[in-house]
Amino acid sequence: MASLRRTGETGTGSLRRTLTFRDLIVYGLLFIAPMAPVGIFGTLQAKSHGAIAVVYAVATLAMAFTAYSYALMVQVAPQAGSVYTYARVGLGEGAGFVAGWMAMLDYLLIPAVAYLFSGIALHALVPSVHQWVWTALAVGVTTLLNLWGVRVAARVGFAVLVMEIAVLVVFVVAAGYALIAHGAQRSWTAPFTGEGAFSTGAVLSAVSVAVLSYLGFDAIASFAEESAGGARRVARAVLTCLVVAGVLFAVQTYLAALLAPMPAAELAADPGRQGDAFYVTADAAAGEWLQKLVAASKAVGAAFAALAGQAAAGRLLFAMGRDRRLPGAMSKVDAGSGVPRRALLGAAAVTLVAAVWAARRDDGLDQLSSIVNVGALTAFGLLHASVIGWFRIREGAEESSVPRHVVVPLLGLAVVVAVIVAASPTAQIVGGVWMAVGLVVLAVQYGARARAGGGAE
């Protein structure tokens, strides 16, 4: 704790290169969460008519386009800030600010949702303590870990990640035993072919929801300035994290689909039973002990997913502060821990307010969940555009590079647009308003520079 007591700060741009390849994978998988499908399993089963294994296979492929664009751009601009930095170098200052502004909405609110998940789960285990208290406690503990230093947070996060994967292994073993002892509830091919006639439209509708399970793998790129192995290692970590998550998601949902006591048609007819469908399946497969084990793992895992998200948000605020797109105080680095302390505290404050507000409302989870994704998806769209902007326009790539530098990002952009179109009207409105505010802020900044004689950059 000595490093927490050292409050001196260095200048800007002095993040320490201490993260290993394993640390990067830990942060990415923590943010995603190995059992991320647990909460939306029932929804995806209902939407896809039971073809959930195909849903996650397609979703992984769809997000691979975005992962590939990240892997390209992190080598062009190996700096903190992630998509903000990439859009800035590929498309210019204005586009960079918009990308950072939209990503900020995602990075500040996804941790709030994760903290709320943790608070809800802990309140279920200890009902005498209100869920907003658990939520605030989770924010406090993980913020202290982030302030302590990126290496300490990574070590603790690794322990939590091992626990989550261990619980997933227990579920897989229990599910396998149940299948051998009692058989499957439906055909072994049903998770691929669906229950009844296969519907491409139904699968694509479910994919638009499933891709949201992957939000967070991009946070790895935010630690580019703290990677001990350079930009190539960060790029490899982004792609590796996506592949590992895709395999984990496909395996657990395939087994759950075989054992689920409720067919997809019944889940579709009764949306109220979709949220706990995975827990009901765990109970049916092995008993209440497995249901509670999965719930407890989800509670702890959600808090540490928020830890990784908060750390990524701090790096985004740090990068934008360093470029004077946000107050310069955000760019200060703590001399003891080597982390952007003020940026982390700023991110934690916003997240705490949003999470506690939602925890005190009956509809808080729905309100937060409906708006967290549009910011990230808009930023992803600008990421793909930045690949084209940098390699085809600024660098003048050879014709042989066209598939990599034009076709791949265009496919990724098409996926992003499709998901945004499928988003809820509330999410679209909030995303539009947030972007409008960002454009006003950008216009004010340009106006101030022009009056100061610097002109627009």
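## Helix 3 against helix 10

In this predicted model, helix 3 and helix 10 pack with their axes 7 Å apart, at an angle of about 160°. Angles over 145 degrees count as roughly antiparallel, and the two helices are therefore roughly antiparallel to each other. On one side of the contact sit Leu-44, Lys-47 and Ser-48 of helix 3; on the other are Ala-202, Val-203, Ser-205, Ala-206, Val-209 and Ala-210 of helix 10. Sorted by class, that makes six nonpolar, two polar and one charged residues.

How enclosed is helix 3 by the rest of the structure? Largely so, because six of its eight residues (the helix covers residues 41-48) are buried. Those six are Phe-41, Gly-42, Leu-44, Gln-45, Ala-46 and Ser-48. Leu-44 and Ser-48 come up twice here, as they are buried and also take part in the contact with helix 10.

## The loops on either side of helix 3

Go back along the chain from helix 3 and you reach the loop that links it to helix 2 (21-32), which is where Ala-33 sits. Ala-33 is not a glycine, yet its phi is positive, at about 85°. Ala-33 counts as buried, because its relative accessibility is 9%.

Go the other way and helix 3 is followed by His-49. His-49 belongs to the loop between helix 3 and helix 4 (52-76). Here too a residue other than glycine has a positive phi, this time near 60°. Is His-49 buried or partly exposed? With a relative accessible area of 35%, His-49 is partly exposed.

## Helix 4 against helix 10

Helix 10 (residues 200-210) also packs against helix 4, at an angle of about 60° and with the axes 9 Å apart. That angle makes helix 4 oblique to helix 10. The crossing of the pair is right-handed.

Which residues meet here? Helix 4 brings Val-54, Val-55, Tyr-56, Val-58 and Ala-59, while helix 10 brings Val-203, Ala-206, Val-207 and Ala-210. This contact has nine nonpolar residues, no polar ones and no charged ones. Some names are familiar: Val-203, Ala-206 and Ala-210 of helix 10 touch helix 4, and they also appear in the contact with helix 3.

## The nonpolar core

Now for the inside. The largest nonpolar core has 136 residues, and the members that touch the most others are Tyr-27, Phe-41, Met-73, Met-104, Phe-278 and Val-294. Helix 6 (residues 93-125) gives the largest share of this core, 17 residues. As background, nonpolar side chains tend to be buried together in soluble globular proteins.

Phe-278 is a handy place to look around from. Setting aside neighbours within four places in sequence, Phe-278 is in contact with Met-35, Val-38, Phe-41, Phe-171, Gln-252, Ala-256 and Val-294. Two of those partners, Phe-41 and Val-294, are also listed among the core members that touch the most others.

## Helix 13 against helix 14

Helix 13 (residues 277-286) and helix 14 (residues 288-322) cross at roughly 145°, and their axes come within 6 Å. This crossing is right-handed. Helix 13 contributes Phe-278, Tyr-279, Ala-282, Asp-283 and Ala-286, and helix 14 answers with Glu-288, Trp-289, Leu-290, Gln-291, Val-294, Ala-295 and Lys-298. By class, the contact holds eight nonpolar, one polar and three charged residues.

Val-280 is in helix 13 too. Val-280 counts as partly exposed, because its relative accessibility is 33%. How far apart in space are Val-280 and Ala-260? Their C-alpha atoms are 7.7 Å apart, while 20 residues separate them in sequence.

## Helix 19 and the whole chain

Gln-445 is a residue of helix 19 (residues 425-452). Its relative accessible area is 15%, so Gln-445 is buried. Not counting residues up to four places away in sequence, Gln-445 touches Phe-97, Arg-324 and Arg-325.

Stepping back, the chain has 19 helices and two strands. Of its 457 residues, 54% are buried. Taking contacts between residues at least 6 apart in sequence, 82% join residues at least 24 apart.

Key
Residues numbered from 1 in each chain as written. Predicted model: local features only at pLDDT ≥ 70, side-chain atom pairs only at ≥ 80, totals over all residues. Heavy atoms only, no water. Buried < 20%, exposed > 50% of the residue type's maximum accessible area, 1.4 Å probe, protein only. Helix = DSSP H or I, 4+ residues; strand = E, 2+ residues; numbered from the N terminus. Core = buried A, V, L, I, M, F, W, Y, C linked by side-chain atoms within 4.5 Å. Contact = heavy atoms within 4.5 Å. Axes fitted to C-alpha atoms, helices over the stretch in contact; angles between N-to-C directions. Parallel < 35°, antiparallel > 145°, perpendicular 65-115°, else oblique. Left-handed = near helix turned anticlockwise from the far one by under 90°. Nonpolar A, V, L, I, M, F, W, Y, C, P; charged D, E, K, R; others polar.
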